[in-house]
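User: Please walk me through this model. I will ask short questions and want the reasoning with each answer.

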Amino acid sequence: MAADKGVKVFGMWASPMAIRVEWALRLKGVDYEYVDEDLANKSEALLRHSPVTKKVPVLVHDGKPLAESTVIVEYIDEAWKHGYPIMPSDPFDRAQARFWARFAEEKCNAALYPIFMTTGEEQRKLVHEAQQCLKTLETALEGKKFFGGDAFGYLDIVTGWFAYWLPVIEEACGVEVVTDEALPLMKAWFDRVLAVDAVKAVLPPRDKLVALNKARREQILSA
Ligand SMILES: N[C@@H](CCC(=O)N[C@@H](CS)C(=O)NCC(=O)O)C(=O)O
């Protein structure tokens, strides 16, 4: 069916996971249709394409749906293998990139999230713990411009949301996590990430993101 041909992305404008898919497609120069979902009222198409998790992002390639952002990014690299290389070419480097991606997803995200839900001394302790976790991740940046070496690659796509979303979360929560003093390599990498054309092209408006995160925090704190 002609309508099933092509590439479609189901995302949500403020989602740091969905943007990974758009970055990967843009790096490859693949044209796609973007569908913005209201996560409080998910479309029939999203539920049909993502029956297991019902989450964004979803990539639909020639009618075939895929969920889970990191899985989708790897798929894009293989499906458009002659374009911009996203995964490292060496098997050991590839495994290392996946290791750190899992560390960032499982450990760093879990350390960052509770900062959003706390205040005062408890929050200060959590900021310190999150900094320790990011410090460990930062070792993978030593001597390099990007996690992928000289070029923005897989691990940069997976962790790149930190560069834009963490300062927004810091503002919404009134804390500082990634500073020049605490995480100098990561802070400098933030600037390099935000200068990548594929990244810049699809960042959501900062004011809108700050307002959303402030509102979510207030809602959580008053619950
Ligand atoms: N591990 C998933 C996480 C996706 C995820 O958490 N998506 C959120 C938006 S950032 C979502 O769709 N939430 C709606 C829901 O949980 O119902 C991935 O990386 O794709």
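Analyst: One definition to begin: a residue is buried if 20 or more other C-beta atoms lie within 10 Å of its own, exposed if 12 or fewer, and partly exposed in between. Keep in mind that this is a predicted model.

User: Is Lys54 buried, partly exposed or exposed?
Analyst: Lys54 is found in the loop between α2 and β3. It has 13 other C-beta atoms within 10 Å. The exposed class ends at 12 and the buried class starts at 20. Lys54 therefore counts as partly exposed.

User: What is the sign of phi at Lys54?
Analyst: Most residues other than glycine have a negative phi. Lys54 is not a glycine, yet its phi is near 60°, so the sign departs from that rule. The sign is positive.

User: Which bond in that loop is cis, and what is its omega?
Analyst: Most peptide bonds are trans. Pro57 is found in the loop between α2 (44-49) and β3. The cis peptide bond joins Val56 and Pro57, with omega of about 5°.

User: Where is Glu68, and what is its phi?
Analyst: Glu68 sits in the loop between β4 and α3. It counts as partly exposed because it has 17 C-beta neighbours inside 10 Å. It is not a glycine, but its phi is positive, about 80°.

User: Which residues surround the ligand?
Analyst: Lys54, Val56, Pro57 and Glu68 are among them. By class, the shell divides into five nonpolar, three polar and three charged residues. The full shell is Met12, Ser15, Met17, Leu39, Lys54, Lys55, Val56, Pro57, Glu68, Ser69 and Thr70.

User: How far is Trp165 from Lys55, one of the residues around the ligand?
Analyst: Trp165 is in helix α7. It has 19 other C-beta atoms within 10 Å, and therefore it is partly exposed. Trp165 and Lys55 are 110 residues apart in sequence. Their C-alpha atoms are 19 Å apart.

User: How many residues of α1 are buried?
Analyst: Helix α1 spans residues 18-28, eleven in number. The buried ones include Val21, Trp23 and Ala24, and also the charged residues Arg20, Glu22 and Lys28. Just after the helix, Gly29 takes a positive phi of about 75°. The buried count in α1 is ten.

User: Which elements do those buried residues pack against?
Analyst: The list includes the strands β1 (7-11) and β3 (58-61). It also includes helices. In full, the buried residues of α1 pack against β1, β3, α3 (69-79), α6 (154-159), α7 (161-173) and α9 (197-200).

User: How is the chain divided, and how far apart are the centres?
Analyst: The chain is divided into domain 1 (2-79) and domain 2 (91-222). The centres are taken over C-alpha atoms. Their separation is 22 Å.

User: Which element gives the largest share of the domain 1 side of the contact?
Analyst: Twelve residues of domain 1 are in contact with 14 residues of domain 2. On the domain 1 side, α1 and α3 are the elements that give two or more residues. That side has eight nonpolar, one polar and three charged residues. The largest share, seven residues, comes from α1.

User: Which residues have the most contacts inside the largest nonpolar core?
Analyst: Nonpolar side chains tend to be buried together in soluble globular proteins. The largest nonpolar core here has 50 residues. It draws at least three residues from each of domain 1 and domain 2. Those with the most contacts are Val21, Ala24, Val73, Ile86, Ala130, Tyr154 and Ile157.

User: What does Ile86 touch, leaving out residues up to four places away in sequence?
Analyst: Ile86 is in the core just described. Its partners include Ala24, Val73, Tyr154 and Ile157. The complete set is Ala24, Leu27, Val73, Ile76, Asp77, Gly153, Tyr154 and Ile157.

User: What helix content do the two UniProt domain ranges have?
Analyst: The unreviewed UniProt entry annotates "GST N-terminal" at residues 5-84. It places "GST C-terminal" at residues 90-221. The 5-84 range has 21% strand, and the 90-221 range has 0%. Helix content is 35% over residues 5-84 and 69% over residues 90-221.

User: Is Asp62 buried or exposed?
Analyst: Asp62 lies in the loop between β3 and β4 (64-67). It has 10 C-beta neighbours inside 10 Å. The cut-off is 12 or fewer, so Asp62 counts as exposed.

Key:
Residues are numbered from 1 along each chain as its sequence is written. This is a predicted model: local features need pLDDT of at least 70, side-chain atom pairs count only at pLDDT 80 or more; totals for chains, interfaces and linings use all residues. A residue is near a molecule or strand if its C-beta atom, placed from the backbone, lies within 6 Å of it. Helices (H or I, at least four residues) and strands (E, at least two) are DSSP runs, numbered from the N terminus. Two residues are in contact if their C-beta atoms, placed from the backbone, lie within 7 Å. UniProt positions are given in the numbering used here, feature names are shortened, and annotations may be inferred rather than shown by experiment. A nonpolar core is a set of buried Ala, Val, Leu, Ile, Met, Phe, Trp, Tyr and Cys residues joined through C-beta atoms within 7 Å. Domain bounds come from an automatic or database domain assignment.
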